[in-house]
Amino acid sequence: MSITAGCDVGSLTAKAVIMEKGRILASAVIRSRARPEEASREVMDLALKEAALSINELEGITRTGYGRGRMPFEGKEISEITCHGRGARWLLPSVKTLIDIGGQDCKAIKLKSDGSIDRFITNDKCASGTGRFLDVMAKVLGVPVEDLATCSERADHPVTFSSSCAVWAQADVIRLLNEGHGVDDIGAGINNAMAARVAVLLNSIGLDGDICITGGVAKNLGVAKALETQLGCRVKKIRKADPQLAGAIGAALLAEERLK
Ligand code: ADP
């Protein structure tokens, strides 16, 4: 039957995907717990329940993400870079350059023509350019992070942030609100600041072929649009499945490939 699973425990969310012959049977996303053991078990249980399967019926599991070494079930450990690359290729076969923007880091990845990793650069030293930046800014602004994207659509005069530092930008949001700037204009400015940070990483790896975003921040279309402006080229939208699942999808596919 060749049913496999990928489990990706990141800093903010845990994801599980169950696949059969290159097709998604079930998936789940939850907030990460302090202990990756619990998050991985819970998210796998949810996906298995949706697929009406038990863990013993899986023929292979790949574990990825920062919590990959602490999952309470057997499975090969593979880095999230490799898994995101594989997942992105499945989500968008033409992709050559991708940016995975997760909760606490951001990785620009270049793929070879066979889909394997050519090279990558990571920003994991600074909150700006990560999902955490958007989460913190949205909170100060009083908007759910899921609604930040629509600020960009409604903004008439997006603000410009003087600093990309997450700490300074928080103070900027409060100052801008006090000066009477609208929430949409500030929200759009936040998306633009995020895109500017990410564009630096992408430009330093070099743009090549089709470009896409994976990770939870791919769901913020305001960032995606601002990134197109920054890069001066199109950023392809992922429509085949939730881009936040890219790492777990790649992990499940790699488990399937091992069976062959
Ligand atoms: P990690 O794998 O590092 O735990 P994710 O790839 O799950 O992180 O990304 C988490 C980030 O995705 C959050 O910080 C948040 O900014 C963003 N995010 C998640 N869901 C949405 C959504 N529906 N709309 C906009 N942004 C989202």
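**View A. Thr-214 and the residues around it.** In this predicted model, Thr-214 touches a mixed crowd once residues up to four places away in sequence are set aside: His-84, Ala-88, Leu-98, Ile-99, Asp-100, Ile-101, Ile-238, Pro-243 and Ala-246. The residue itself belongs to strand S9, which covers residues 210-214. Is Thr-214 buried or exposed? Its relative accessible area is 0%, so Thr-214 counts as buried.

**View B. The two domains of the chain.** The domain assignment splits the protein chain into domain 1, made of 3-82 + 244-259, and domain 2, which runs over 95-237. Taken over C-alpha atoms, the centres of domain 1 and domain 2 sit 26 Å apart. On the contact itself, domain 1 puts in 7 residues and domain 2 puts in 13 residues.

**View C. What the domains bury between them.** About 820 Å² is buried between domain 1 and domain 2, and 68% of that is on carbon and sulfur atoms. Which three residues should you pick out on the domain 1 side? Go for Leu-12, Ile-81 and Gln-244: together they supply 67% of the area that domain 1 buries against domain 2, more than any other three residues.

**View D. Polar pairs and residue classes at the domain interface.** How many salt bridges turn up across the interface of domain 1 and domain 2? The count is 0 salt bridges. Polar contacts do show up, with 2 residue pairs between domain 1 and domain 2, both residues of each pair being at pLDDT 80 or more. Helix H2 (residues 80-91) gives the largest share of the side of domain 1 that touches domain 2, namely 3 residues. Sorted by class, that side of domain 1 has 3 nonpolar, 3 polar and 1 charged residues.

**View E. Ile-61 in strand S4.** Now for a close-up of Ile-61, found in strand S4, residues 60-64. With a relative accessibility of 9%, Ile-61 falls under the 20% cut-off and therefore counts as buried. Leaving out residues up to four places away in sequence, Ile-61 touches Ala-5, Met-44, Ile-55, Phe-73, Glu-74, Gly-75, Lys-76, Ala-255 and Arg-258.

**View F. Ile-61 and Ala-255, a pair from two parts of the chain.** Ala-255 is one of the residues that Ile-61 touches. Along the chain, Ile-61 and Ala-255 are 194 residues apart, yet their C-alpha atoms are separated by 5.7 Å. Both of the domain 1 segments come into this view, 3-82 and 244-259.

Methods:
Residues are numbered from 1 along each chain as its sequence is written. This is a predicted model: local features need pLDDT of at least 70, side-chain atom pairs count only at pLDDT 80 or more; totals for chains, interfaces and linings use all residues. Side-chain values use heavy atoms; hydrogens and water are left out. Helices (H or I, at least four residues) and strands (E, at least two) are DSSP runs, numbered from the N terminus. Buried means under 20% relative accessible area, exposed over 50%, partly exposed in between (1.4 Å probe, protein chains only). Contact means heavy atoms within 4.5 Å. Domain bounds come from an automatic or database domain assignment. Buried area is the accessible area (1.4 Å probe) that two parts lose on being put together, summed over both. A salt bridge is a side-chain nitrogen of Lys or Arg within 4 Å of a carboxyl oxygen of Asp or Glu. A polar contact is a pair of N or O atoms within 3.5 Å; within protein, one must be able to donate a hydrogen and the other to accept it, and residues adjacent in sequence count only if both atoms are side-chain atoms. Ala, Val, Leu, Ile, Met, Phe, Trp, Tyr, Cys and Pro count as nonpolar, Asp, Glu, Lys and Arg as charged, and the others, Gly among them, as polar.
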